[in-house]
Amino acid sequence: MSDGKRINEARIEWGASGEDAPSSFAPRSAAFGDVYFSGDGLSETRHVFVAGNNLPARLDASRFHVGELGFGTGLNFLALWDAWTKTAKPQGARLNFLSFEAFPLFPDDMRRAHMAWPDLTELSARLRAKLPPPHPGFHYLDFGDVALTLFYGDAREGLARAEGGVDAWFLDGFSPAKNPDLWSEDIFKALARLSNPGATFSTFTV
């Protein structure tokens with residue numbers, strides 16, 4: 001639940017071309033000096049985060065819970081949601097996705113980023129239609145058999161308040177050199193506390 005206050009949105013640098021074409025996309029965080037993705041980004045996300053956690057093979061369960069550090073453009077969530085729609089599952093199965101983001105994107109920046117992934121047009125439009133305003137705290141978005149819980153604010157606070165049960169983690173914060181707070185021992189201890197036995201994790205940052 002939000003407390004009604006407002007947090008700062010991310011400041012995005014789109015590069016010199018300024019063209020709304022996937023080939024020109026490399027949105028960069030002005031605060032952290034790191035990119036959200038380059039090119040279309042979707043293939044990389046499917047390889048690093050989805051396949052990296054042996055998904056969708058593990059999605060044939062009645063309940064599956066994914067946690068993420070760094071919601072960003074929502075690409076990881078959208079890629080997983082797309083995989084979920086194409087996976088054979090038990091009747092009544094549900095995917096729960098929990099993500100933490102300190103600096104949510106402005107709606108126009110989110111829309112522009114989503115243009116890079118035409119395969120996800122329908123899902124990305126549904127996501128944007130429900131994204132909450134930038135108020136700190138937990139926000140719950142219901143998409144039928146998929147539930148997205150977004151925490152806006154400091155990940156350490158959100159992790160301390162979150163409940164456990166995560167089966168797979170997407171660790172997608174900016175690189176440790178640029179955002180060390182998200183790669184601290186305290187963060188990892190919190191992830192361990194919230195993880196189910198046998199939980200996995202993947203990350204692009206090494």
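## Pocket and salt bridges, term by term

Colleague: Which element gives the most to the lining of the second largest pocket?

Modeller: That's S5, with four residues. Bear in mind that this is a predicted model.

Colleague: What else gives two or more residues to that lining?

Modeller: Besides strand S5 (137-142), there are strand S4 (94-101) and strand S6 (146-152). The pocket has a volume of about 260 Å³. It is lined by 15 residues, and the closest to its centre are His65, Leu98, Tyr140, Thr149 and Glu163.

Colleague: How do the residues of that lining divide into nonpolar, polar and charged?

Modeller: Eight are nonpolar, four polar and three charged. Tyr140 is in the lining, and Tyr goes into the nonpolar group by the rule used here.

Colleague: On to the charges. What makes the contact between arginine 6 and glutamate 9 a salt bridge?

Modeller: Their side chains meet at 2.6 Å, N to O. The cut-off is 4 Å, so the pair qualifies. As a general point, side chains of opposite charge can pair when their charged atoms come close.

Colleague: Why is arginine 6 called exposed?

Modeller: Its relative accessibility is 55%, and exposed means over 50%, so the label fits.

Colleague: And how do you know whether glutamate 9 is buried or exposed?

Modeller: Glutamate 9 has a relative accessible area of 13%; buried means under 20%, so glutamate 9 is buried.

Colleague: What about lysine 86 and aspartate 82: what makes that a salt bridge?

Modeller: The reasoning runs along similar lines: N to O is 3.1 Å, which is within 4 Å, so it counts. Lysine 86, at 62%, is over the 50% mark and therefore exposed. Aspartate 82, at 9%, is under 20% and therefore buried.

Colleague: Why is arginine 156 called partly exposed?

Modeller: Arginine 156 comes out at 40%, which lies between 20% and 50%, so it is partly exposed. Aspartate 154 has 34%, so that residue is partly exposed as well. These two form a salt bridge, with the closest N and O atoms 2.9 Å apart.

Colleague: Which residues do shared partners join into one network?

Modeller: Arg46, Asp82 and Lys86, through salt bridges that share partners.

Colleague: How many salt bridges does a search of the whole structure find?

Modeller: Eight. Among them are arginine 6 with glutamate 9, lysine 86 with aspartate 82, and arginine 156 with aspartate 154.

Key: Residues numbered from 1 in each chain as written. Predicted model: local features only at pLDDT ≥ 70, side-chain atom pairs only at ≥ 80, totals over all residues. Heavy atoms only, no water. 1 Å grid on protein atoms, 1.4 Å probe; cavity = no way out; pocket = protein on both sides within 12 Å on 5 of 7 lines; lining within 4 Å. Points joined across faces, edges and corners; volume = space filled by probe spheres on them. Buried < 20%, exposed > 50% of the residue type's maximum accessible area, 1.4 Å probe, protein only.
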